[in-house]
Amino acid sequence: MSDQQFPKTGLETMITPDNCAVILIDHQPFQVAGVKNIDVTLMVNNVVAMAKTAKAFGVPTLLTSVIKDRGGNILKPLTDVFPEQTPIDRTFINTWEDEKCVAWARETGRKKLVFAALWTEVCLAFPVIHALGDGYEVYFVTDASGGTSQESHEMGIARMIQAGAVPMTTVVFMSELQRDWARVEQAAKTAEIILEHGGASASSLAWELQLMAGAAG
């Protein structure tokens, strides 16, 4: 166990496609049904966008469920992003107590871990705090996660921040990986994800592309 806090300032604190791994926990029907702090459709949209972003940038990503025969399989729009992957199904509520999940993280060689989970106060907070104690630099995506009430979500976030983890949202996750629009190949993939999942931003981007096409004509 380690109580050493990782640096929170400077360029080296930013996530990049080469220095982080993603763990998505328990986006299953039973857990989804209990989410009360965020519109469920929006939360699902966000976690799928997060998964697509991780895949577009080649970030190692783990899907894991808990007792899927009772709680249900991970949501299909999420598993469809990684059709080649068999999610790890656990009995532990705390993902970081499952040796298969810990071994997966270790084998990536990445020291920065980005989590999203249902529910925030339990299945997100427990492994985030545990992984921090094992010396990982831990980030969590708040709008790709959800709690059983607004208070539960907020208290889970407060607990993780107090422990030393860093909160972010789906758009921040995407933007931090992209970082530079001169990375044209990645920018095209980012734009595609925005068009599919970006809501108002997607509408604005589609309009801009329409105007650019008209100008070119």
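Where is the place of Arg179? Arg179 lies in the loop between α8 and α9 (184–197). The legends below describe close-up views of a predicted model.

**View 1. Arg179 and Ile67, two loop residues with positive phi.** Most residues other than glycine have a negative phi, and most peptide bonds are trans. Arg179 is not a glycine, yet its phi is positive, about 60°. Its position is the loop between α8 and α9, and at 33% relative accessibility Arg179 counts as partly exposed. Ile67 is also not a glycine and has a positive phi, near 40°. The loop that holds Ile67 runs between β2 (61–66) and α3 (68–71). With a relative accessibility of 34%, Ile67 counts as partly exposed.

**View 2. Helix α2 against helix α8.** Two packed helices are described by the angle between their axes and the distance between the axes. For α2 (residues 40–56) and α8 (residues 170–178), the axes come within 9 Å and cross at roughly 10°. An angle under 35 degrees counts as roughly parallel, and α2 and α8 are therefore roughly parallel to each other. On the α2 side the contact is made by Asn46, Ala49, Met50, Thr53 and Ala54. On the α8 side, Thr170, Phe173, Met174 and Leu177 take part. By class, the contact of α2 with α8 has 6 nonpolar and 3 polar residues, and no charged ones.

**View 3. Helix α6 against helix α7.** The axes of α6 (120–133) and α7 (150–163) come within 9 Å and cross at roughly 5°. That crossing makes α6 roughly parallel to α7. From α6, the residues in the contact are Thr120, Glu121, Leu124, Ala125, Phe126, Val128, Ile129 and Leu132. They meet Ser152, His153, Gly156, Ile157, Arg159, Met160 and Ala163 in α7. This contact of α6 with α7 divides into 9 nonpolar, 4 polar and 2 charged residues.

**View 4. The aromatic pair of Phe6 and Tyr139.** The structure holds 4 aromatic pairs. A pair of aromatic rings is described by the distance of the centres and the angle of the planes. For Phe6 and Tyr139 the centres are 5.8 Å apart and the planes are at 40°, a tilted arrangement. The pair links distant parts of the chain, 133 residues apart. Phe6 belongs to the segment before β1 (20–25), while Tyr139 is in strand β5 (residues 137–141). Phe6 is buried, with a relative accessible area of 8%, and Tyr139 is buried as well, at 3%. The charged end of Lys8 sits over the ring of Phe6, 4.2 Å from its centre.

**View 5. Trp119, its ring partner Phe30 and a cis peptide bond.** Phe30 and Trp119 form a tilted aromatic pair, with 6.1 Å from centre to centre and 40° between the planes. Phe30 is in helix α1 (residues 29–33), and Trp119 is in the loop between β4 (112–117) and α6. The two residues are 89 residues apart, so that the pair links distant parts of the chain. At 52% relative accessibility, Phe30 counts as exposed. The peptide bond that joins Leu118 and Trp119 is cis, with omega about 0°.**View 6. A cluster of aromatic residues.** Trp96, Phe115 and Tyr136 form one aromatic cluster. Over the ring of Tyr136 sits the charged end of Lys111, 4.4 Å from the ring centre.

**View 7. Gly146 and Thr142 in the loop between β5 and α7.** Gly146 lies in this loop and is buried, with a relative accessible area of 0%. Leaving aside neighbours within four places in sequence, Gly146 is in contact with Val35, Asn37, Ala117, Leu118, Trp119, Thr120 and His153. Both residues of the cis peptide bond, Leu118 and Trp119, are among these contacts of Gly146. Thr9 is 137 residues from Gly146 along the chain, and their C-alpha atoms are separated by 27 Å. Thr142 is found in the loop between β5 and α7. At 15% relative accessibility, Thr142 counts as buried. Not counting residues up to four places away in sequence, Thr142 touches His153, Ile157, Pro167, Met168 and Thr169. His153 is in contact with Gly146 and is touched by Thr142.

Terms used: Residues numbered from 1 in each chain as written. Predicted model: local features only at pLDDT ≥ 70, side-chain atom pairs only at ≥ 80, totals over all residues. Heavy atoms only, no water. Axes fitted to C-alpha atoms, helices over the stretch in contact; angles between N-to-C directions. Helix = DSSP H or I, 4+ residues; strand = E, 2+ residues; numbered from the N terminus. Parallel < 35°, antiparallel > 145°, perpendicular 65-115°, else oblique. Contact = heavy atoms within 4.5 Å. Nonpolar A, V, L, I, M, F, W, Y, C, P; charged D, E, K, R; others polar. Phe/Tyr/Trp six-rings, centres within 6.5 Å; stacked < 30°, edge-to-face > 60°. Buried < 20%, exposed > 50% of the residue type's maximum accessible area, 1.4 Å probe, protein only. Lys NZ or Arg CZ within 6 Å of the ring centre and 35° of its normal.
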